[in-house]
Amino acid sequence: MQSTPGFTFSLRRLLILLSAIGLLPLALLGLWSLDMADQYQQREQERAMLDQARALSSAVDAELDGAIATLASMARTPAMDAGDLHAYYEAARAQVAAQPEWLAVILTDADGKVLFRTTNPFGAAGGRVADPESLEQLLAVQRPLVGRVTHGPRGRAAFPVRVPIRDQAGRLYALTAVIQPDRILRVIE
């Protein structure tokens with residue numbers, strides 16, 4: 001019998017080709033597994049970062065809630081109820097001395113006029129408020145709020161924590177703690 005000329009493979013090439021065809025699904029499965037593992041790791045990393053962000057947010061909220069609670073307790077003093085601003089100024093100075101991250105306590109009236117600032121002697125000119133937008137918002141909504149970080153009259157960066165208060169006569173005031181951002185940075189660290 002005579003062989004017809006055609007396309008022929010050597011046995012060696014045929015075995016290599018069959019081995020490659022057999023290993024191709026395993027290689028594809030391996031690549032798919034690596035891709036799935038990479039996607040899983042990215043999802044887990046995103047979840048961990050989100051959990052950490054939530055924990056940091058809760059810690060910062062707790063710090064701010066503590067400052068708001070301190071200011072709210074300062075609002076319920078007999079000096080404030082009686083309208084004795086000089087005695088209230090002294091109590092506010094004592095509170096600033098007890099809070100190392102607090103730069104000052106500021107009391108403003110319902111018109112936004114600074115009545116006292118603990119960094120100045122009592123009765124000194126009040127000056128301007130560094131974040132007037134948050135003061136206006138506080139006086140409008142009459143709920144505690146936190147302002148943005150700004151540079152005050154002495155050039156230091158700080159943010160205000162404000163609470164509305166009323167004396168026995170019903171007059172509205174804004175009590176503000178000016179706090180250094182370092183306090184929040186320490187919580188984040």
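This is a short talk on the fold of one chain, from its overall dimensions down to one residue beside the sheet strands.

Hi everyone, thanks for coming. Before anything else, please keep in mind that what you see is a predicted model.

Let's begin with the whole chain. There are five helices and six strands. If you walk along the sequence, the order is α-α-α-β-β-α-β-β-β-β-α, with three helices ahead of strand β1.

Now, how do the dimensions look? For a compact globule of 189 residues you would expect a radius of gyration near 16 Å, whereas this chain comes out at 34 Å. Along the principal axes, the C-alpha atoms occupy a box of roughly 125 × 30 × 30 Å. Burial fits into the picture too: 31% of the 189 residues count as buried. As for the surface, about 12300 Å² is accessible, and carbon and sulfur atoms contribute 58% of that.

A couple of other global numbers for those of you who like them. Take the contacts with a separation of 6 or more: 52% of these link residues 24 or more positions apart. On the charge side, the chain carries 19 positive and 20 negative charges, and the mean positions of the two sets lie 4 Å apart.

Let's zoom in on the strands, starting with β1. It covers residues 102-109, and eight of its eight residues are buried. Which strands does β1 pair with? One is β6, residues 172-179, which runs antiparallel to β1 with seven bridges between them. To find that pairing on your screen, look for V105 and its bridge partner A177, or for T108, which stands opposite A174.

Another partner is β2, residues 114-117, again antiparallel, with three bridges. Here L107 of β1 has F116 as its bridge partner. β1 and β2 make a hairpin with four residues between them, and G112 in that turn has a positive phi of about 90°.

Next, β6 itself. Like the strand we just left, β6 is mostly covered, with eight of its eight residues buried. Are the side chains of β6 buried or exposed on its two sides? L172, A174, T176 and V178 point one way, Y173, L175, A177 and I179 point the other way, and all of them are buried.

β6 also pairs with β5, residues 157-166, in an antiparallel arrangement held by eight bridges. R166 and L172 are bridge partners there. This pair is a hairpin as well, with five residues between the strands, and G170 in the turn shows a positive phi of about 90°.

I'd like to finish with a single residue, E101. You will find E101 in the loop between α3 (85-98) and β1. Why does E101 count as buried? Because its relative accessibility is 15%, and the cut-off for buried is under 20%. And which residues does E101 touch? Leaving out those up to four places away in sequence, they are V178, I179, Q180, R183 and R186. V178 and I179 should sound familiar: they are the β6 residues that point opposite ways from that strand.

That's my tour, so do rotate the model and have a look at E101 yourselves. Happy to chat about any of it!

Key:
Residues numbered from 1 in each chain as written. Predicted model: local features only at pLDDT ≥ 70, side-chain atom pairs only at ≥ 80, totals over all residues. Heavy atoms only, no water. Rg over C-alpha atoms; globule rule 2.2 N^0.38 Å. Buried < 20%, exposed > 50% of the residue type's maximum accessible area, 1.4 Å probe, protein only. Contact = heavy atoms within 4.5 Å. Areas by Shrake-Rupley, 256 points an atom, 1.4 Å probe, with all protein chains shown as cover. Lys, Arg positive; Asp, Glu negative; His and termini not counted. Charge placed at Lys NZ, Arg CZ, Asp CG, Glu CD. Pairing = 2+ DSSP bridges.
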